[in-house]
Amino acid sequence: MKKIVIAIAAMLGLGSVTGCSDMLDTDSSQRLFDPDMDQKTDSMYYAFGVLQAMQAVTDQYYLQGEMRGDLVDVMPGVTDKNLQELARFAAGTTNRYDSAYQYYRVINNCNYYIAHRDTSLMTGSTQVVKNEYVAIKAIRAWAYLQLARNYGKVPFVTTPLTTISQIESTRFEEKDLAGIVAELAPDLAQYSGTPCPDHGQFDLGSTNWGQNYRMNSNLFYIPVDVILGDLYLEANDYPNAVKYYVTFLSQVAEATQLHVGARASLTDLPRMDYTDRMPTDVSNAPEQQKTIGYSQLFAANQKEECITKVQMPVNRLKGVTSSLPTYFGYDFYGTQKFNRSTPRLDQVQLKASQSFTTLVDTLSYYYVENDKNTVVTAKVGDTRFPSICDRVSYGEDSVQVWIPKLSQASVSLYRTATVWLHLAEALNRMGHPDLAFAILKDGINQSVLDYGTTDFGGYITQDSKNLLTNVYPLITDATADKFLKTNTYGIHQRGCGWTSDYESQNGNYTPGLSPYQFATVVGQKLSYIADTYNVAGDPSQYTKSDTVNAVEDLLCDEYALELAFEGTRYYDLMRLARHKNEAGLYGANFGSLWLKKKLEYKNPAVDLADPNNWYLPYK
């Protein structure tokens, strides 16, 4: 209790609800805790105050989620001490990136807005602030989700705290993840289907090296259905998670957010130093259709597939700057012109882990043989790697690697791929591993649900088809044009080529065309789990629960490949471990042991087999 009082008192002293002048160069004259929000436009400035608080917490959110995962490694003697402590689960209350206060600053901003905003204002028959009001509630839910992920059980406050006496006279109830979901999700559910507000495009200012940044304002916000899906997924409520992810994809997402056609190119393969393994005809194989190159997804001004991102201030005059680019080898706040291919910092503090590069290295690439309609396999790894790890060789024994996803101080909170993978996770745990695999292999569209079913020799059951056409209507007559085989691809295709069963020459769906097949891939994962976790049994006796667990591990791999270095890895691992513990397969603590195994190379300072050790010390 004392800690939360100190945190919020400090927040009041700093000034919590602010205008957006630091970030967006507006002429706002709003002041701290001015309750006058009864005009149609004035609350926009308070909304931007919330977004400023999001900027302030972003470095911490990112590093808490990435450093404790299995994708990054520290550089002994070079990496900041605070990051090394996080990586080893040794962070104490003095760690720079352990501050619950930063999340409560976001929450108190949101609470103030929610308490004071007049939502009855109308323009004709339209509620002019509804979208904004809902978006602020969604951000508050996101902040509470991060508190629960990082600290376990936390004080729960929904009223704005503006005076010390108000704080001292209040006893805050503490809630864990389940309690937070039970408290916030039903309220948010009434707003399902509401799109994010759009105030137009904003000029975020210019960097010290002259690059001007502009961003669509709707990308600042979190769609209510996405955060609802995440809340329920974290709480192991899979049907509700599916419900809200489907609502977002079918009813809310814009066309550009649905097109997951970005791919790494075949020309990227030689950059991975696998030239000696490449079949001679790979370089001439037909390129898969793609909307943009994969590395373009991470440009700060890229709208394709972006749902929510936090663009950090572009210079020190615009607010609290980010350390993230520096940790990965980029001087975003320097004065020389930025160039991705020639990083300007010689010293890199964070690098890709051996577990990540091993995963990349062991994957197969699938391609169509020239002048044929057959798909063959090459053991050349995942081609997303060179798009997210920029390698420069200085000789046979010296290779420097920079990770450019954070080079422009832009942090993705949600991309379309995130939602599809979370949907796959929920569908799998609902007992539909075939649909989860479809999201990796083919993408979900009408053709796949029709011709990829078991009736046609495919892997999707009629029960699963019914689920997404009737129970949770993602593919219907009304939405079929949104989900076509030309714009909904399997996530695994992005780095591993022709995993789909679509024929390259005529576009027909032919089950079994690609070597990337459900029985083969899941069977390999079942064998790996049996060997790695000592849960071997007779393969002929594997149950559906075994299959669900194996597909979940495939999804865990895909999270690593697709969302690497986006700040979500540890959160994903924790969530999957909870799923496994709840399922009870291989023992009630299997998820904890699975997590411990994943992270054992980090030599953690605590025993991760105990879920109580998953959290940071609360301060």
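Lysine 137 sits in helix α6, which covers residues 130–151. The model described here is predicted. Lysine 137 is buried, because its relative accessible area is 8%, and a residue counts as buried under 20%. The side chain of lysine 137 makes a polar contact with the side chain of aspartate 187, at 2.9 Å. The points below start from this residue and then move to the chain, its salt bridges and two of its helices.

**Lysine 137 and its surroundings**

- Leaving aside residues up to four places away in sequence, lysine 137 touches Ile114, Asp187, Leu188 and Tyr191.
- Asp187 therefore appears twice, as a residue that lysine 137 touches and as its partner in a side-chain polar contact, while lysine 137 itself is buried at 8%.

**The chain as a whole**

- The chain contains 23 helices and 14 strands.
- Of the 619 residues in the chain, 61% are buried.
- Consider the contacts between residues at least 6 apart in sequence: 72% of them join residues at least 24 apart.
- The exposed area of the chain is about 23,000 Å², and carbon and sulfur atoms supply 47% of it.

**Cysteines**

- How many disulfides does a search of the whole structure find? The search finds zero.
- Cysteine 110 is buried, because its relative accessibility is 0% and the limit for a buried residue is under 20%.
- Cysteine 496 also has a relative accessibility of 0%, so it counts as buried.

**Salt bridges**

- The whole structure holds 29 salt bridges according to the search.
- One of them joins the side chains of glutamate 562 and arginine 384, with an N to O distance of 2.9 Å. This pair links distant parts of the chain, 178 residues apart. Glutamate 562 belongs to helix α21 (residues 544–562), whereas arginine 384 is in the loop between β11 (375–378) and α14 (385–388). Both glutamate 562 and arginine 384 are buried.
- Another salt bridge is formed by the side chains of lysine 525 and aspartate 557, at 2.8 Å from N to O. Lysine 525 is in helix α20 (residues 518–533) and aspartate 557 is in helix α21, so the pair links distant parts of the chain, 32 residues apart. Lysine 525 and aspartate 557 are both buried.
- A further salt bridge connects aspartate 607 with lysine 596, where the closest N and O atoms are 3.2 Å apart. These residues are 11 apart in sequence, with lysine 596 in helix α23 and aspartate 607 in the segment after α23 (590–598).
- Are aspartate 607 and lysine 596 buried or partly exposed? Aspartate 607 is partly exposed, because its relative accessible area is 38%. Lysine 596 is partly exposed as well, because its value is 37%. The partly exposed range lies between the limits of under 20% for buried and over 50% for exposed.
- Salt bridges also link residues into a network, made up of Glu305, Asp382, Arg384, Lys405, Arg415, Arg494, Glu558, Glu562 and Glu566. Arg384 and Glu562, the pair with the 2.9 Å bridge, belong to this network.

**Helix α15 and glycine 431**

- Helix α15 (residues 416–429) has 14 residues and, at 1.5 Å a residue, should span 20 Å. Its end C-alpha atoms are 20 Å apart, which agrees with that expectation.
- Because 14 of the 14 residues of α15 are buried, this helix is largely enclosed by the rest of the structure.
- Glycine 431 comes just after α15 and takes a positive phi of about 105 degrees. Glycine 431 lies in the loop between α15 and α16 (433–441).
- With a relative accessibility of 16%, glycine 431 counts as buried.
- Glycine 431 and serine 464 are 33 residues apart in sequence, and their C-alpha atoms are 9.1 Å apart in space.

**Glutamine 102 in helix α5**

- Glutamine 102 is part of helix α5, which covers residues 100–116.
- Why does glutamine 102 count as buried? Its relative accessible area is 19%, and the limit is under 20%.
- Not counting residues up to four places away in sequence, glutamine 102 touches Ala56, Val57 and Gln60.

Notes
Residues numbered from 1 in each chain as written. Predicted model: local features only at pLDDT ≥ 70, side-chain atom pairs only at ≥ 80, totals over all residues. Heavy atoms only, no water. Helix = DSSP H or I, 4+ residues; strand = E, 2+ residues; numbered from the N terminus. Buried < 20%, exposed > 50% of the residue type's maximum accessible area, 1.4 Å probe, protein only. Polar contact = N/O pair within 3.5 Å; in protein donor to acceptor, adjacent residues only side chain to side chain. Contact = heavy atoms within 4.5 Å. Areas by Shrake-Rupley, 256 points an atom, 1.4 Å probe, with all protein chains shown as cover. Disulfide = S-S within 2.5 Å. Salt bridge = Lys/Arg side-chain N within 4 Å of Asp/Glu carboxyl O. Expected span 1.5 Å × (residues − 1).
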